[in-house]
Amino acid sequence: MIPTLQWTPSGVRFLDQTRLPLEELYVLATTYEDVADIIRDMIVRGAPAIGVSAAMGVALGVSKIKADSIDAMRPELAVICKTLAETRPTAVNLFWAIERMRLRFDELSRQPGINVPKLKAGLIYEAQQMYEEDIDACRTMGSYGAGLMPDEGSVLTHCNAGALATCGYGTALGVIRTAVLRGHNLHVYADETRPYLQGARLTAWELLQDGIQTTVICDNMSASLMRQGKIQAVIVGADRIAANGDVANKVGTYGVAVLAKEHGIPFYVAAPWSTVDLDTATGDGIPIEQRSAREITHFNGKQLTPHGALIENPAFDVTPAAYVKAIITERGVLRAPYPEALLKMRG
Ligand code: MRU
């Protein structure tokens, strides 16, 4: 299991994903502000990992509050939650996790015999529960999704929806991992995923550690590989799934979905239920993060574009539900029509 993040007595320890694949360095967050910076700067990234990181950030922040009553802690709790919620707008797991911690604070505060130390310990336990649940959910998604992978062939993935984007097993890459463990003979094409190169740097790194044959391609190459019949399936993760089944994921995913449809290749999404946002009716309602132009104008500090060139850098795009063959969750596999399937799975 790749230690994407870990709760430790001295803070939250993160594997610094900005230094991968060539350096394996860890950073220790000792305050909730550190956790917020680590999420914003993408030292940790990927929707489920962002969610659990925020939960650990809330637990860490609350553990440091100097108060002799639970009510006296509430103003600082609000500041902690607001700071973490303002880090990145698209991955709904972030808001799901913060709300879960806030609700747990309220539940604990109403328990008979509760006091400040017990409440602090209760929140740390809750964050660690979310960590364990993420790993279980990814393994369960692996089981549900493995059978959808070709017995033999190549699977394309975009961005990194693996151990590094979760608490250690991965959503889309968890499905690939489980399929390989079950004997499927799979090769993976990993889109490099400009501008942050999550595919070239992170997906290739973690799949190679598993001995899963992986080929890194530029994002503009999958079309011709599909036309040559070299890709049998596509599987990606998600940052938010709207109530109608539209899926937000790393920018470039929509293009891959259109190509897959054009070539008759199944396009799958793997994501935990915490990525489903039934309060957002369609993909048009999903906030898309705009990141700094420098991610495009520079590479490793070297300027690539001429001065004065205009830049757009949306970090995510939306794939309409019509392009999605199935959504694999830990609750089971969803198929169209998604509005009904999602409501039924919500229960
Ligand atoms: O900007 P990032 O690296 O956080 O974007 C990550 C993605 O788009 C992933 O595909 C998504 O979060 C799913 S992770 C299991």
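Asn93 touches Ala47, Pro48, Gly51, Asp239, Pro272, Ser274 and Thr275, leaving aside residues up to four places away in sequence. That is a good way into this predicted model. Asn93 sits in helix H4, which covers residues 92-109, and with a relative accessibility of 1% Asn93 counts as buried.

**H4 against H5**

Staying with H4, let's look at its packing with helix H5 (residues 116-146): the angle is about 145° and the axes are 10 Å apart. H4 passes H5 in a right-handed crossing. On the H4 side the contact is made by Trp96, Ala97, Arg100, Met101, Arg104, Phe105, Leu108 and Ser109. H5 brings Leu119, Gly122, Leu123, Glu126, Ala127, Gln129, Met130 and Glu133. Sorted by class, the contact of H4 with H5 has nine nonpolar, three polar and four charged residues. A general point helps when reading such lists: an α-helix has 3.6 residues a turn, so residues three or four places apart point the same way.

**Helix H7 and what covers it**

Now for H7 (residues 198-209). With 12 residues at 1.5 Å each, this helix should span 16 Å, and its end C-alpha atoms are indeed 16 Å apart, so the two agree. H7 is mostly covered, with nine of its 12 residues buried. Those are Gln198, Gly199, Arg201, Leu202, Thr203, Ala204, Trp205, Glu206 and Leu207. And what do the buried residues of H7 pack against? The list has strand E2 (11-15), strand E4 (152-157), helix H6 (172-181), strand E5 (185-191), strand E6 (214-217) and strand E9 (247-250). Just after H7, Gly211 takes a positive phi of about 70°.

**Backbone oddities**

Most residues other than glycine have a negative phi, and most peptide bonds are trans. Here are some places in the chain to check against that.

| Item | Backbone value | Place |
|---|---|---|
| Arg194 to Pro195 | cis, omega near -5° | Pro195: loop between E5 and H7 |
| Ala336 to Pro337 | cis, omega about 0° | Pro337: loop between strand E16 (332-334) and helix H11 (338-346) |
| Met42 | positive phi, about 60° | loop between helix H1 (32-40) and helix H2 (47-63) |
| Asn300 | positive phi, about 50° | loop between strand E12 (298-299) and strand E13 (302-303) |

Neither Met42 nor Asn300 is a glycine. Are they buried or exposed? Met42 has a relative accessibility of 2%, so Met42 counts as buried, whereas Asn300, at 75%, counts as exposed.

**Cysteines**

How many disulfides does a search of the whole structure find? Zero. Take Cys167: its closest cysteine sulfur is in Cys138, at 7.6 Å, and that is too far for a bond, given that a disulfide needs two sulfurs within 2.5 Å. Cys167 is buried, with a relative accessible area of 0%. For Cys218, the closest cysteine sulfur belongs to Cys159 and is 16 Å away, again too far for a bond. Cys218 is partly exposed, with a relative accessible area of 28%.

**Two loop residues**

Gly252 is found in the loop between E9 and helix H9 (253-262). At 26% relative accessibility, this glycine counts as partly exposed, because it falls between the cut-offs of 20% for buried and 50% for exposed. Leaving out residues up to four places away in sequence, Gly252 touches His158 and Asp317. How far apart are Gly252 and Thr193 in sequence and in space? They are 59 residues apart along the chain and 7.5 Å apart in space, C-alpha to C-alpha.

Val324 lies in the loop between strand E14 (316-319) and strand E15 (326-329). This valine is buried, with a relative accessible area of 5%. Beyond residues up to four places away in sequence, Val324 touches Val247, Phe267, Val269, Thr319 and Tyr338. One of these, Val247, belongs to the range of strand E9 (247-250), which is among the elements that the buried residues of H7 pack against. As for Glu107, its C-alpha atom and that of Val324 are separated by 38 Å, with the two positions 217 residues apart along the chain.

Definitions and conventions. Residues are numbered from 1 along each chain as its sequence is written. This is a predicted model: local features need pLDDT of at least 70, side-chain atom pairs count only at pLDDT 80 or more; totals for chains, interfaces and linings use all residues. Side-chain values use heavy atoms; hydrogens and water are left out. Helices (H or I, at least four residues) and strands (E, at least two) are DSSP runs, numbered from the N terminus. Buried means under 20% relative accessible area, exposed over 50%, partly exposed in between (1.4 Å probe, protein chains only). Contact means heavy atoms within 4.5 Å. The expected span of a helix is 1.5 Å times one less than its number of residues. Axes are lines fitted to C-alpha atoms, for helices over the stretch in contact, and angles run from 0 to 180 degrees between N-to-C directions. A crossing is left-handed if the near helix is turned anticlockwise from the far one by less than a right angle, and right-handed if clockwise. Ala, Val, Leu, Ile, Met, Phe, Trp, Tyr, Cys and Pro count as nonpolar, Asp, Glu, Lys and Arg as charged, and the others, Gly among them, as polar.
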